[in-house]
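Got the viewer open and a hand on the mouse? Here is a short tour, one selection at a time.

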Amino acid sequence: MVGDELAVQWQALGLGQEELRVYAELLGGKVPASRSALTRAVGLPAGRVAAALAWLGDHGFTVPAPTGTALPGAVAPATALRNLIHHHQAELLRRTAALEELTGSVDQATAQLLGDVHDPRASGIETVRGRQAIGQRAVALLASARSEVALLDRPPYAASAPDGMPAPLDVAGLARRGVLVRVVVDREGLRYPGRARGLNDLSGEGVQIRVGTDLPTKLITVDRRVTLLPPTEAADPTASALVVSDSLLNHTLTPLFEAVWERALPIGAVTQGGEVTEEDRELLTMLAAGLKDEAIARRLGVHVHTVRRRITRLMRVLNVETRFQAGVQATLRGWLTA
């Protein structure tokens with residue numbers, strides 16, 4: 001058995017008691033003939049003996065078993081010890097180099113950490129306060145778009161004309177330079193004078209527009225990397241918007257837009273004109289307001305079957321499949337009464 005003093009020294013270099021016992025047995029004058037014999041000789045479970053043999057082989061204490069033998073050969077203690085010391089020296093040099101590199105950049109790392117603490121964008125969420133600042137940030141965000149812009153648009157609007165009409169954003173310019181622009185407009189937003197005509201013009205410029213109801217929020221997402229969430233209360237001059245660049249939140253906001261987009265109904269550029277009577281305008285206005293056939297019939301003073309026939313004819317003229325689509329298309333064509 002290796003002396004106690006030598007055992008302590010080797011343990012300090014990483015050689016444990018079980019590895020030392022197995023190594024000492026391999027160094028003996030009569031090497032066991034098999035692993036089972038080695039297990040009996042050192043008095044350890046077979047699993048621990050296997051782990052000790054693996055460690056010895058990995059650290060240069062043994063060489064692969066010669067042909068015809070079941071156990072690896074033991075390397076001379078002096079050679080094995082030098083190998084182990086060289087291994088520790090190399091690891092020490094590697095760690096020293098890493099520490100020296102860190103020491104050389106400690107000032108830069110400290111400045112970076114302190115800067116992150118005071119930078120509101122480091123958390124991935126930035127607050128923008130005031131109508132003017134919000135409008136400027138929205139314009140700058142859109143100008144930075146490279147491939148895709150997605151908008152959810154609903155009243156009230158943080159940047160708007162005195163009558164509440166939303167201030168225009170240059171999304172048509174984005175479409176002209178090849179950016180994919182998709183917009184979902186809340187049906188409530190079509191009530192502003194000229195809004196439907198403006199959306200129809202944007203559609204003609206290549207902007208993809210859909211109309212939905214009860215949109216959950218307003219947002220502007222650029223290139224799926226940053227999202228502006230405008231304030232819900234437009235009348236408050238101190239209202240705040242959030243600019244979200246955190247990937248986790250964007251992975252929530254982007255699917256939200258996609259879900260709303262899938263449920264919304266597409267609109268396309270439509271030609272003005274077509275035969276429509278004042279009675280048709282009145283019927284479409286009531287249809288867009290959500291009145292049932294029976295209620296429309298009572299207001300028009302006609303039979304409910306007459307109302308349904310007229311609705312079917314108007315849907316065919318407008319080339320739509322649902323009554324909601326009929327209301328949207330009629331609004332875009334300027335057919336609805338005020």
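**Stop 1: Leu 256**

Select Leu 256 and switch on the surface: this residue is partly exposed, with a relative accessible area of 29%. That value puts Leu 256 in the partly exposed class because buried means under 20% and exposed means over 50%. Keep in mind that you're looking at a predicted model.

Now colour by secondary structure, and you'll find Leu 256 in helix α10. Which residues does Leu 256 contact, leaving aside its neighbours within four places in sequence? Show Pro 216, Thr 217 and Leu 219, and you have them. Next, draw a distance from the C-alpha atom of Leu 256 to that of Leu 152: you should get 10.0 Å, although the two are 104 residues apart along the chain.

**Stop 2: zoom out**

Show the whole protein as a cartoon. There are 14 helices and 10 strands to click through. Of the 338 residues, 39% are buried. If you take the contacts with a separation of 6 or more, 67% of them join residues 24 or more positions apart.

**Stop 3: the cavity**

How many cavities of 30 Å³ or more does a search of the whole structure find? Just one, and its volume is about 60 Å³. To see what lines this cavity, select Glu 148, Val 149, Ala 150, Arg 182, Thr 221, Asp 223, Arg 224, Thr 254, Phe 257 and Glu 258. Strand β4 (148-153) and helix α10 (247-263) each give two or more residues to the lining. Colour the lining by class and you'll get five charged, three nonpolar and two polar residues.

**Stop 4: helix α3 and what it packs on**

Jump to residues 35-42, which make up helix α3. Its buried residues are Ala 37, Leu 38, Thr 39 and Val 42. While you look at that pattern, remember that an α-helix has 3.6 residues a turn, so residues three or four places apart point the same way. Turn on α2 (17-27) and α4 (46-58) too: the buried residues of α3 pack against both.

Let's stay with α4 for a moment. Two packed helices are described by the angle between their axes and the distance between the axes. For α3 and α4, the angle is about 105° and the axes are 10 Å apart. That makes the two helices roughly perpendicular. On the α3 side, the contact uses Arg 35, Leu 38, Thr 39 and Val 42, and on the α4 side Ala 46, Val 49, Ala 50 and Leu 53. Sorted by class, that gives six nonpolar residues, one polar and one charged.

Before you leave, click Gly 43, just after α3: here phi is positive, at about 70°.

**Stop 5: α12 meets α13**

Select residues 293-300 for α12 and 304-318 for α13; their axes come within 8 Å and cross at roughly 105°. So α12 is roughly perpendicular to α13. From α12, pick Asp 293, Glu 294, Ile 296, Ala 297 and Leu 300; from α13, pick Val 304, Val 307, Arg 308, Arg 310 and Ile 311. Those residues make the contact, with six nonpolar, four charged and no polar ones among them.

**Last stop: Val 304**

Zoom in on Val 304, in helix α13. Is Val 304 buried or exposed? It's buried, because its relative accessible area of 18% is under the 20% cut-off. Not counting residues up to four places away in sequence, Val 304 touches Asp 293, Glu 294 and Ala 297. Finish with one more distance: the C-alpha atoms of Val 304 and Asp 293, 11 residues apart along the chain, are separated by 6.2 Å.

Terms used: Residues are numbered from 1 along each chain as its sequence is written. This is a predicted model: local features need pLDDT of at least 70, side-chain atom pairs count only at pLDDT 80 or more; totals for chains, interfaces and linings use all residues. Side-chain values use heavy atoms; hydrogens and water are left out. Axes are lines fitted to C-alpha atoms, for helices over the stretch in contact, and angles run from 0 to 180 degrees between N-to-C directions. Helices (H or I, at least four residues) and strands (E, at least two) are DSSP runs, numbered from the N terminus. Angles under 35 degrees count as roughly parallel, over 145 as roughly antiparallel, 65 to 115 as roughly perpendicular and the rest as oblique. Contact means heavy atoms within 4.5 Å. Ala, Val, Leu, Ile, Met, Phe, Trp, Tyr, Cys and Pro count as nonpolar, Asp, Glu, Lys and Arg as charged, and the others, Gly among them, as polar. On a 1 Å grid over the protein atoms alone, a cavity is a set of points where a 1.4 Å probe fits but cannot get out, and a pocket is an open set with protein on both sides within 12 Å along at least five of seven lines; lining residues have an atom within 4 Å of a point. Grid points are joined across faces, edges and corners, and a volume is the space filled by probe spheres set on the points. Buried means under 20% relative accessible area, exposed over 50%, partly exposed in between (1.4 Å probe, protein chains only).
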